[in-house]
Amino acid sequence: MNKSDVDRFEKLSGQLISVYEEMSLLSKKNPNDAVNKFKLKFVKRLIAESNEFLLAKYCPFEDFDSFDEDDIPHTSDVVFILSQYLQCFEKLRADNVVLEYGSWFWQVEGDDGDNVDENGMIKIRTVKPKKLKD
């Protein structure tokens, strides 16, 4: 991973969290309601971008690429899938961060001009990965 990957990670994971929270609210009201085509278009785009970013190593399901527009999913289906993607994003974060002096940092490849360590890596401050014990 490099700095641009971290930026992309933060953007995608933030969008996933936002859509997950919104869909969760809808799902709690009526879990079997269909997702409207407008929302489904954005969910599908977000999943496609996430699949491209996560690659095979971190994708939650080998046989799931996207929802089918002809078989519109229920809100609870979308919540289920998005929660799996969020867990995979956190796994990716956990595999690429280190704890130093009480703070969490991405440890990623540096670019030309970066102040890199002996391994060619730089550190970018981040939050603690979810579900890690101290």
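A polar contact is a pair of N or O atoms within 3.5 Å; within protein, one atom must be able to donate a hydrogen and the other to accept it, and residues adjacent in sequence count only if both atoms are side-chain atoms. One such pair joins the side chains of Arg93 and Thr126, at 2.6 Å. The model is predicted, so local features need pLDDT of at least 70 and side-chain atom pairs count only at pLDDT 80 or more, while totals for chains, interfaces and linings use all residues. Residues are numbered from 1 along each chain as its sequence is written, and side-chain values use heavy atoms, with hydrogens and water left out.

**Overall architecture**

- The chain has three helices and three strands, where helices (H or I, at least four residues) and strands (E, at least two) are DSSP runs numbered from the N terminus.
- In sequence order, these elements follow the pattern α-α-α-β-β-β.
- The C-alpha trace spans about 55 × 30 × 25 Å along its principal axes.
- Of the 134 residues in the chain, 32% are buried; buried means under 20% relative accessible area, exposed over 50%, and partly exposed in between (1.4 Å probe, protein chains only).
- Among contacts (heavy atoms within 4.5 Å) between residues at least 6 apart in sequence, 63% join residues at least 24 apart.

**Helix H1**

- Helix H1 has 27 residues, and its first and last C-alpha atoms lie 40 Å apart, close to the 39 Å expected at 1.5 Å a residue; the expected span is 1.5 Å times one less than the number of residues.
- The buried residues of H1 are Val6, Phe9, Leu12, Ser13, Leu16, Met23, Ser24 and Ser27.
- These buried residues pack against H2, H3, E2 and strand E3 (121-126).

**Helix H2**

- Helix H2 (residues 37-58) spans only 27 Å between its end C-alpha atoms, whereas a straight helix of 22 residues would span 32 Å at 1.5 Å a residue.
- H2 contains a kink of about 55 degrees centred on Glu52; the bend at a residue is the angle between axes fitted to the seven residues ending there and the seven starting there.
- At the N-terminal end of H2, Asn36 acts as a cap, with a side-chain oxygen 3.1 Å from the backbone nitrogen of Phe38.
- Leu40, Val43, Leu46, Ile47, Ser50, Asn51, Phe53, Leu54 and Tyr58 are the buried residues of H2, and they pack against helix H1 (3-29) and helix H3 (75-95).

**The H1–H2 pair**

- Two packed helices are described by the angle between their axes and the distance between the axes.
- The axes of H1 and H2 come within 11 Å and cross at roughly 145 degrees; axes are lines fitted to C-alpha atoms, for helices over the stretch in contact, and angles run from 0 to 180 degrees between N-to-C directions.
- The crossing of H1 and H2 is left-handed, a term used if the near helix is turned anticlockwise from the far one by less than a right angle, with right-handed used if clockwise.
- On the H1 side, the residues that meet H2 include Asp5, Arg8, Phe9, Lys11, Leu12 and Gln15, and their H2 partners include Lys39, Val43, Leu46, Glu49 and Glu52.

**Residues of helix H3**

- Arg93 lies in helix H3 and counts as buried because its relative accessibility is 4%.
- Leaving out residues up to four places away in sequence, Arg93 touches Phe9, Glu10, Trp106, Thr126, Val127 and Pro129.
- Lys91 also belongs to H3, but it counts as partly exposed because its relative accessibility is 45%.
- The side chain of Lys91 makes a polar contact with that of Asp95, at 2.8 Å.
- Lys91 and Lys39 are 52 residues apart along the chain, and their C-alpha atoms are separated by 26 Å.
- Gln84, placed in helix H3, has 26% relative accessibility and therefore counts as partly exposed.
- Gln84 is in contact with Pro60 and Phe61, leaving aside neighbours within four places in sequence.
- The C-alpha atoms of Gln84 and Cys59 are 8.8 Å apart, with their positions 25 residues apart in sequence.

**Ser103 in strand E2**

- Ser103 lies in strand E2 (residues 103-109) and counts as buried because its relative accessibility is 13%.
- The side chains of Ser103 and Arg125 make a polar contact at 2.8 Å.
- Not counting residues up to four places away in sequence, Ser103 touches Val98 and Arg125.
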